[in-house]
Amino acid sequence: MSPSPRTSESLARRIRMARGLEPADLCVEHVNVVDVFSRTLLRDISVAAGDGVFLGFGPSGLPARRRMDARGRFMLPGLIDAHLHLESTMLTPAEFARLVVPHGTAAVVADPHEIANVLGLAGLRYLLESSRDLPLDLRLALPSCVPCTPFEDSGAVLAAADLAPLMGHERVCALGEMMNYPGLLAGDPAVLDKIVLARASGKRLDGHAPGLLQARLDAYCGTGVASDHECESPEEVVQRLVRGMYVFVRHGSAARNLPALLRAVHVNNAHRCCFCTDDSSPADLLERGHMDEILRLAVAEGLDPLLAVGMAALNGCVFYGMRDRGGIAPGWAADFCLVDDLRGFRVREVFRAGRQVAQEGRLCVELPAAPPPSDVLDTIHIAPLTQEALRLPVPSGRARVMGLTPQSLITRALILPVALDRGCFDPQQNPGLAKIAVVERHKATGKVGVGILHGYLRPDAVFDGAIATSIAHDSHNIVVAGGNDRDMLAAVESLCAMGGGICCLQRGRTLAALPLPVAGLISPEPGREVAARKAALLATARRHFSLNPDLDPVMALSFMALPVIPELKLTARGLFDVQGFSFVPVDAEKA
């Protein structure tokens, strides 16, 4: 965990190696070092490492057991993803590490509120245990909102007293994103208890406050919430920075806000900014990369490369109190990668604690392999479901509709005329609209919410089939979209039979499926196989259905049940107005 020496003899050995009295473990020669402290380049020098830390650097190398000629490449500190939901990758921690470490990622801060909403403390312990002994420093931000609002049906409830035993864990660095900002602003004691716990434990408080400005933002960050990754405009960035908050510039598979937000980042405030992905698909990790891809995009948008590397390495470590990490300096953890240049950021070699762990895009160390424990399996439990539960009466013929926005988690609250069949919404008579339902799947309560989705299909298309998934942020009930109740019901039944996952179905026949038996969120299979199976499923769905080509139909669907991001969302209890923080009827003529 820490580069601190374990004994005085260990420290004495570091001193001897740094003075050249004993061979270092590694010396990298002819390398250009990115100095994130003063935003300069140290050109054509040698860097020595030993006992897991950097020992020193200069024009000539120290004696070393291994000498390596970098041939003019650039040495970056190990990169950090400052905010990620690991479950969004659908991978185990080991398989996630297999994909991201070759891209230069040394650390991630994971907020596991997805698995916690399904399994509670058992899910958190599973992630902590299964991420030990990896070539990746995986830290947790304990989830603050399980469930994320009082209006949801999750598989667990975590109060401050439940989180307290884990708050002191060496790999717990924060209280996770405070999504329930209405509850915080209202002074909800259950919310405030968690904030008090985190502050008393000396842990950071992560934020989640889309659209919050001025006085309400003052009250929010005045409690100690110190970061936000939900900014969508330069104004939001500025308002947070002037209040002493950190801004996590987000670019992932679901939300890609980097181009807009970088307009507010400059040399005087970049030290308060970090990069994060929030949610990443395995296909994107394989095809585009991880933090290295963000560096490429940031520099292409005009950000100084040295500022960009600081935002991708040092700043996140400083924010979370990860001492002696994120920079290249004597005594700091020898986590680094070598890249060809500071524009393309092609990662050639990756080192963790001075040991090589990846080369040319592939991991070169063995990962621990263990099957998932039984207490994270068998998590799909629904009450008997019929087509009748999926009917959607709209007597007035005017409906409140969720309007999808590509590349954003925000939906628009639309009011549209809809064609009816015996008083109920009929997707087949409404081109461009799909029916959507959320089915409670943790405690078999029988709760089902039904609504209407705009922007999921092409404008003139009708949905001939259904897509369903047990990934439905954040309570992770089953969400299904379709064009008829028969296929929607069959898709839900197919998910139950496989123990959770994703499936697409047409006229009663399953076209493609991806089982996710760990909490209904994660596959134990290799990352490349998971990515290939999801890619095949998406290709099948796009081939058979007239979907909006500008969105990932599974990821977009998975965020339609998240009632903390404006404007309209759907839970197992019904249609939810996020700004009003209350349920509203689908029929627009009803109060």
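Select arginine 296 in this predicted model. Its relative accessibility is 22%, so arginine 296 counts as partly exposed. Add glutamate 293 to the selection: with a relative accessible area of 18%, glutamate 293 is buried. The cut-off for buried is under 20%, so these two residues fall on opposite sides of it.

Keep both side chains displayed. Arginine 296 and glutamate 293 form a salt bridge, and their closest N and O atoms are 3.1 Å apart. Now colour residues 291–300, which make up helix H12. Both partners belong to this helix and sit three residues apart, about one turn of the helix.

**A bridge between a strand and a helix**

Next, select aspartate 228 and arginine 240. A salt bridge joins aspartate 228 to arginine 240, with 2.6 Å between the closest N and O atoms. Aspartate 228 belongs to strand E11 (residues 227–228) and arginine 240 to helix H9 (residues 234–241), so the bridge ties together parts twelve residues apart in sequence. Are these two partners buried or exposed? Aspartate 228 and arginine 240 are both buried.

**A bridge between two loops**

Move on to glutamate 360 and arginine 346. Their salt bridge has its closest N and O atoms 3.9 Å apart. To place the pair, show strands E16 (355–359) and E17 (362–363), with glutamate 360 in the loop between them. Then show strands E14 (336–339) and E15 (347–352); arginine 346 is in the loop between those two. The pair links distant parts of the chain, 14 residues apart. Glutamate 360 counts as partly exposed because its relative accessibility is 40%. Arginine 346, at 48%, is also partly exposed.

For a network rather than a pair, select Glu9, Arg13, Arg16, Glu22, Asp25 and Arg65. Salt bridges with shared partners join these six residues into one network. How many salt bridges does a search of the whole structure find? The search finds 34.

**A covered helix**

Select residues 93–100, which form helix H2. Seven of the eight residues in H2 are buried, so the helix is mostly covered. The buried residues are Pro93, Ala94, Glu95, Phe96, Ala97, Leu99 and Val100.

**Backbone stops**

Turn off the side chains and follow the backbone for the next four stops. Most residues other than glycine have a negative phi, and most peptide bonds are trans.

- Select histidine 473 and aspartate 474. The peptide bond from histidine 473 to aspartate 474 is cis, and its omega is near -5°. Aspartate 474 is in the loop that runs between strand E24 (466–469) and strand E25 (478–482).
- Select proline 566 and glutamate 567. These residues are joined by a cis peptide bond with omega of about 0°. Glutamate 567 is in the loop between helix H17 (553–558) and strand E28 (568–571).
- Select aspartate 278. Although aspartate 278 is not a glycine, its phi is positive, about 70°. The residue is in the loop between strand E13 (273–276) and helix H11 (282–287). Aspartate 278 has a relative accessible area of 3% and is therefore buried.
- Select arginine 422. This residue is not a glycine either, and its phi is positive, near 55°. Arginine 422 is found in the loop between strand E20 (420–421) and strand E21 (424–425). Its relative accessible area is 76%, so arginine 422 is exposed.

**The whole chain**

Clear the selection and zoom out. In cartoon view, the protein chain has 17 helices and 30 strands. Drawn along the principal axes, a box of roughly 85 × 50 × 45 Å is filled by the C-alpha atoms. For 591 residues, a compact globule would have a radius of gyration near 25 Å, and the 25 Å of the protein chain agrees with that.

Colour by burial next: buried residues make up 62% of the 591 residues. If you draw contacts, consider those between residues at least 6 apart in sequence; 69% of these join residues at least 24 apart.

Finish with the surface. The protein chain exposes about 21,000 Å², of which carbon and sulfur atoms supply 51%. For charge, select the 59 positive and 65 negative groups of the chain. How far apart are the mean positions of the positive and negative charges? The two mean positions are 3 Å apart.

Key. Residues numbered from 1 in each chain as written. Predicted model: local features only at pLDDT ≥ 70, side-chain atom pairs only at ≥ 80, totals over all residues. Heavy atoms only, no water. Buried < 20%, exposed > 50% of the residue type's maximum accessible area, 1.4 Å probe, protein only. Helix = DSSP H or I, 4+ residues; strand = E, 2+ residues; numbered from the N terminus. Salt bridge = Lys/Arg side-chain N within 4 Å of Asp/Glu carboxyl O. Rg over C-alpha atoms; globule rule 2.2 N^0.38 Å. Contact = heavy atoms within 4.5 Å. Areas by Shrake-Rupley, 256 points an atom, 1.4 Å probe, with all protein chains shown as cover. Lys, Arg positive; Asp, Glu negative; His and termini not counted. Charge placed at Lys NZ, Arg CZ, Asp CG, Glu CD.
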